[in-house]
Structure formats: structure tokens, C-alpha cells
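Let's go through some charged side-chain contacts together, in question-and-answer form. Have the viewer open as you read.

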Amino acid sequence: MVTYRLDVADPNAHLFELTLTLPRPEARQQVSLPVWIPGSYLVREFARHLSGLRATQGGHERAVNQLDKATWEVACEGGTTLTLRWRVYAFDTSVRAAYLDATRGFFNGTGVFLRVHGRESEPHRLQIGRLPRGWEIATALSAAPGGGFVASDYDELVDHPVELGRFWRGEFLAHDVPHEFVVAGALPDFDGERLLADTQRLCEAQIAFWHGGRSRGKSPRAPFERYVFLLNTAEDGHGGLEHRASTALLSARRNLPARGSTEVSDNYVELLGLISHEYFHTWNVKRLRPAEFVRYDYTRENYTELLWFFEGFTSYYDDLFLRRCGLIDPARYLRLLGRTVTAVQASPGRQVQSVAQASFDAWVKYYRSDENTPNATISYYAKGALVALALDLSLRRDGGSLDAVLRRLWDGSAGGPIGEADVAAALEAVGGRSYARELADWVHGTGELPLQELLAAAGVAWQSQAPSMAQRLGLRVSESALGGIKATHVLRGGAAEAAGIAAGDELLALGGWRLRRLDDAQRVLRPGDTAELLAVRDQRVLSLSLRLPADASLGAPVQLAPAPKPNAAALALREAWLGR
């Protein structure tokens, strides 16, 4: 079969060495490296880290001709086994590529394994060769007889990240399915048993959600035989990438639970929400997926308008499952939801792009964010989650639920590809009426979602909070003792834009007073007043006229909380949605 060997060539130089052994090559055998990794919608050009590609047959060098940025052709002679060797520079700490130093190794197959054209559907084998002493291997790949790992095809091979090094590992069963949790970089006081117990609760709840609860003493059947969480912890960082039987996670070390503490801190809730999000993706995008993703094209962008569903709905359920598992209470869940509402309302781009358009444009907008991103597009994660909320509360008012919609989609597609028409049909079947108008307005339109009305009907109080100075001005800033106050984003239609502030400006003084923090401006300028603002741009000091508006026209912070005395119907709806 197609066989790869990966060796740690030089940890200090961050170099992996790869060897590909290919029986019966074509006379003009082409190979290529993917330009992107499924689940992260940006052309990342992994080939830029590949070097030194050489080919031999029977000990004889063969010519290698590069055809484009990520494709090579080898001139072979006869059917003798072809051997390719190359190196990959690995120093990306994210969950999307590859990393190697003297303490840890990690890789996704899309960043290291050349794809053999014409042989993608054959079984592929992986052997891990030279490793530093004491290092272990963690992956969800199936063990191969005689050592190494085996995959049924190239897609399966590259859908299983691999962690290398010295790390903590623990195990648990969720509805009889073995789960392994690997944590790299944890502090000595890390409470692994608590993390395992809480993750087990999440996994059991999500398996039961998709496949039903226990019946006649049997567990619901998950669509995988084994699952692996690969968590790398660092001083800072946050992210995750879903795979068919595993996930790669990155989180700040401070988010891990510490021994001797039972507090459910905001940091720990952030980590649990990330775990919940990526695990939910095991069903929603890895199996139930856009029809456009039936077969990935690794050479170019793969477009779909459905990321609002697959990422947005997953973002809705991630924190909701923390509530359903009892890891947080209803009040805390609503506070988390209020942050999402605030973030969307503070993004002028929601009035420019629909979430369907934002999904299609992810390759050039969401994943290539800049100072104008909040004005040009909307997060299909955040607004997609609010679309899910609006649909769920509408369905519950009509006698259904979004839970039932997702299960119907799963059953109807046999856990396979779907399109928006399937979503619309499932909504109608569960809710007993057409939701075409809601889909047109909420998914393909740029109007406001009727969240306040829907939440009130579910016994949730909507409270607008006092805005910060940045929110009042329509401005996002970074503040530090050394760097001062720097504008990072100027929001469309805000007072900062009207004053002529630009991204990158350093804000020095207002009304003759030096500014150390932007909120200090509230002591200098009253709502409705105008004052001189001194700013620095490209070494020039600018004098700008800044008027402080009376309110935050670009969205005041929203706090959601259980209404203290909801009527009986609202209380019943809220308890069915969130529990008591």
C-alpha cells in the first residue's frame, strides 16, 4: 500500500523528514500537497514549508519536475517501487498545521503528507520513525498489524492529527465508547481527573442528543469506535479543529482546572465550551455536512453558503450543552449568550453581509481579517448561533425544537451531506409550518433578528448595560503602559469615524488632558460635548474634533438573565429550553 514514514529529523531546526514508498507508480507520477485543511477555510499554502524533495527507484535518482506551487511530477521507469523523500519545516503553534521543537511535536496530515494522484482511494499506512527518547504518540488512527497506523484512504489519513512528546493522558468511557484525553504543557497542579469527569458528561450528553437515550439497557451508538482529544496548552492561545474521531485543541494554561479547587471559573468554562464545540462537530460538519463537501478538493477553495449552519449552530449548542450537563446554571448560560448578542450588535458588517454571504466569503473575509472586517462582514459563528437561537425559540413556541430538527436531518441523510433545502424541509416538518420567511430574512437578509421578543416569550430579561467609552465612540482599541492607546478598528457610522480617527492611530490627549486609558475620556468629555483630540499617525500629530454621542448607537452591551416572575407559558418554555 501507499506508505509514509515520518521521522523527527532536527527538533532545534523544527524539521520533520518524510519518506513515501509507492509500489507500481505511473510513468509520470504526480504528487501534491493540500493548500488548505478542512474545517479552516483559508488557503494556507502548506507547500511553502516543504523542501528538498527527491525521488529514487531501485537506488537510482529520478527527475522531479514542479508543475505549480504545490504539485510535482516524477519521471519513473518501469513499475519498480518509487521512493520520495522531503522535509517539512514545522513551527506553527496553531491546531491547523505542524509543530516541532525539543519538547513537543504535532502535525496534521494535510501539512506533511504528499497526496499521490490516482491512488487516493487506496489504503494508506503511516510509520512513525525516529523520536527523541521518552516521547509518546497519540492519535485516533487505527493501529496497523505489525506496527504503525493504517487508514482506508488519503482522506482518512489526513483527518487524524498526531501528537508527539511527553504529555499527560487519561481515559474514560462515554456510552461504552473509549475516549482518550491528551494534555501537553500542563502545569504540575493540573486536575486531570476533573477534566476527564466533566468531559465525559459532555460526551455522553452529545451522544445521547444525536442517537437517543438508553433504551432496553443499551447505550446509544456513536459513529466512531474511539475518540481522542489532543489538547496543547500554552501561555496564551485558543482554538480547535474538528476531525472525524478526534480534535486538536489549543488553550491557555490558566484555563485548566487546578487540584484542590472546585470553582467553575470563567477560564475553565471557556475551555469546556471549546471542548463541547469541537466534539459537536463530530456530527455537525464531519458527517452531517454541506453537499459541496462530499469530496474535498485539496487544491483550491471549497465554497459553501452553509457555514452559518455548521459553524453557527455548533456555536449555539456548545455552551448550551454546558448548561444541559449541569456544568453551569441557567443564569450563567444566559450571561454567555448575552456576550454573543453584544458582539453581533457591535458589528456594523451585519448590515452589509448576510450570514449566507459571509459563509461563502469566509476564504477572503473572515479568515483574512483586518481593521475593516467588522464593517465588511459578520461572523457566521456568532450570528449563526443567534439564528439558531431564534429558530429554536420559534420552533418551541410552535411545539417543536431545534433539537428535533437536527436529529431529523441526521436520520434523513443517514449522517451524510445536506443542502439548505433539507434544512428548510426539516424545519417545516418539526414546526408544522414553513420557515421560508425566517430563512430569507435571518439567513439571506441583513435585518435585525427579533431576539428581544423571542427571549421575552421564553422568560428571559433583556437589559442594556452602560457602554464603555470605546463602545460609545464606535471604536476598538488596544491599551498598554508602553504602547499607549491605539485604535485597532474604527466602526462604520460611529463617532470615531466621524472625527477622522483611523486604525493604527495612537490617541494622546483629549480636551487638553493626557489619556492613559480610553475610559479616562469620560472624565473630560460629557455626552453631547465636543473636544480636541490629539492623535499620532505616521509620526504626525493630528488635531481632531471629537464629539461624544449620548448613547452607543453601534450597540450597547446586553445582559440576559432569567426574568424574575415570568408567566406560566414563558416559564414552561424556558425550562424546556434551559432546564430549571
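**Salt bridges and a helix**

Q: What kind of model is this, and how are residues numbered?
A: Residues are numbered from 1 along each chain as its sequence is written. Side-chain values use heavy atoms, with hydrogens and water left out, and local features need pLDDT of at least 70, side-chain atom pairs count only at pLDDT 80 or more, while totals for chains, interfaces and linings use all residues, since this is a predicted model.

Q: How many salt bridges does a search of the whole structure find?
A: Here a salt bridge is a side-chain nitrogen of Lys or Arg within 4 Å of a carboxyl oxygen of Asp or Glu. Searching the whole structure on that basis gives 34.

Q: Which residue meets Lys286 in a salt bridge, and how many residues apart are they in sequence?
A: The partner is Asp159, at 3.2 Å from N to O. Lys286 sits in the loop between α3 (266–280) and β22 (289–290), and Asp159 in the loop between α1 (154–158) and β16 (162–165) (helices, H or I, are DSSP runs of at least four residues and strands, E, of at least two, numbered from the N terminus). So the pair ties together parts whose separation in sequence is 127 residues.

Q: Is Lys286 buried or exposed?
A: Buried means under 20% relative accessible area, exposed over 50%, and partly exposed in between, with a 1.4 Å probe and protein chains only. Lys286 has a relative accessible area of 12%, so call it buried.

Q: Which residue does Glu180 pair with, and how accessible is that partner?
A: The side chain of Glu180 meets Arg226 at 3.0 Å, N to O. Glu180 is in strand β18 (residues 177–184) and Arg226 in the loop between α2 (192–211) and β19 (227–234), 46 residues apart. Glu180 is buried at 5%, whereas its partner Arg226 is partly exposed, at 32%.

Q: Where is Asp398, the salt-bridge partner of Arg433?
A: These two side chains come to 2.9 Å, N to O. Arg433 lies in the loop between α10 (420–431) and α11 (436–443), 35 residues from Asp398, which is in the loop between α8 (382–397) and α9 (402–413).

Q: How many residues of α8 are buried?
A: This helix is largely enclosed by the rest of the structure. Of its 16 residues, the buried ones number 14.

Q: Which residues are linked in a network of salt bridges?
A: Here the contacts join up into a network rather than being listed pair by pair. Its members are Arg5, Asp7, Glu17, Arg87 and Arg130.
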